[in-house]
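Visitor: Hi! I'd like to walk through this one with you, a bit at a time. Shall we start with the backbone and see where that takes us?

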Amino acid sequence: MNNTLDFWVTGASNGLGLALVEQLLEGGHRVAASGRDSEALDGLAKRYPQQLLRVPGQLPLLEQAQAAAASILRNWGGLDCLILNAGTCDYLADDLPEAELFEAIVSTNLHASEHCLTSALPLLVKRDAPQVMALLSRYSALQLYSPTRVPSGANSTAQWLREQRQELQILGVGLTLVAPQAMQSPASSAQAIPEQWTPERTADELIRRLPQREPELVLEALTLSNLWPLPR
């Protein structure tokens, strides 16, 4: 990407989200980062004061997603790319019982994706060739309630995103979904071999492939906590 673009990256406090923010800033782009308070993000703000915009991070709350989009509008007037880190654990309560962990990962990322895309869409359509890239982990790609149910926008983040594709295409917005291979509806017949993806290597590959505007990419990671650290 040779042109300077404006990005909104969610779940940006650590792991893959943080690596995406850092590499985009190094590439000369402007980045609005949503995430928990983070010393790493504080350091990037000092290094890139003119490029990094900190915006609200508890995005399962509609008012925070709207406030983040409003801040981007005031500062930049529009948005070229929304990167939904829909595998993040940024939205989980610190005292969450272990038995509720995986359901909370799915539900909070689903709500954050809905709110962010809805809030960002008026900003995206102001730019040429706008794009959304959504990243799911093996955990956030799980279905709510029962895995035997037919995937729908109500129980699957991946399916909800796919259901938005037609409307986005009409508006000229590209959607790339990056997720592990789905067993019920695989995105590709190719076999993706699980690898030890580091945040930096993954961010580099995703940024490199952004201009290709591919509908679906398969990401199989051996150690999910490298990309999406679980709460301690």
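Visitor: Okay, where is Ala129 found?
Guide: Ala129 is found in the loop between helix 4 (101-124) and strand 5. Keep in mind that this is a predicted model.

Visitor: What's the phi of Ala129?
Guide: Ala129 has a positive phi of about 50°, although it is not a glycine. For background, most residues other than glycine have a negative phi.

Visitor: And is Ala129 buried or exposed?
Guide: Ala129 is exposed, as its relative accessible area is 57%.

Visitor: What about Arg213, what's its phi?
Guide: Arg213 also isn't a glycine, and its phi is positive, at about 50°. You'll find Arg213 in the loop between helix 6 (199-209) and strand 7. With a relative accessible area of 32%, Arg213 is partly exposed.

Visitor: Let's switch to the strands. Which strand does strand 5 join through bridges?
Guide: Strand 5 (residues 131-135) is joined to strand 6 by five bridges, and the two run parallel. One of the pairings puts Gln131 opposite Gly174 in strand 6.

Visitor: How many bridges are there between strand 6 and strand 7?
Guide: Three bridges, again in the parallel sense, pair strand 6 with strand 7 (residues 216-218). Here Leu177 has Glu216 of strand 7 as its bridge partner.

Visitor: Why is strand 6 described as largely enclosed by the rest of the structure?
Guide: Because six of the six residues of strand 6 (residues 174-179) are buried; the cut-off for buried is under 20% relative accessible area.

Visitor: Which residues cover each face of strand 6?
Guide: Let me put that the other way round: these are the strand's own residues, and both faces are covered. Gly174, Thr176 and Val178 are buried on one side, and Leu175, Leu177 and Ala179 are buried on the other.

Visitor: Now the outside. Which residues make the nonpolar surface patch?
Guide: Val125, Ile170 and Leu171 make that patch, which is about 280 Å². Val125 sits in the loop between helix 4 and strand 5, the loop where Ala129 is found. Val125 counts as partly exposed, at 40% relative accessibility.

Visitor: Last one: where does pLDDT stay under 50?
Guide: That's residues 185-189, for which the model has five contacts beyond four places in sequence. For the protein chain, the mean pLDDT is 91, and 91% of its residues reach 70 or more.

Methods. Residues are numbered from 1 along each chain as its sequence is written. This is a predicted model: local features need pLDDT of at least 70, side-chain atom pairs count only at pLDDT 80 or more; totals for chains, interfaces and linings use all residues. Side-chain values use heavy atoms; hydrogens and water are left out. Buried means under 20% relative accessible area, exposed over 50%, partly exposed in between (1.4 Å probe, protein chains only). Helices (H or I, at least four residues) and strands (E, at least two) are DSSP runs, numbered from the N terminus. Two strands pair if DSSP finds at least two bridges between them. pLDDT is the predictor's confidence in each residue, from 0 to 100. Contact means heavy atoms within 4.5 Å. Patches are made of residues with over 30% relative accessible area and no salt bridge: like charges are joined within 9 Å, nonpolar side chains (Val, Leu, Ile, Met, Phe, Trp, Tyr) within 5 Å. Accessible areas come from the Shrake-Rupley method with a 1.4 Å probe; for residues, only the protein chains shown count as cover. A salt bridge is a side-chain nitrogen of Lys or Arg within 4 Å of a carboxyl oxygen of Asp or Glu.
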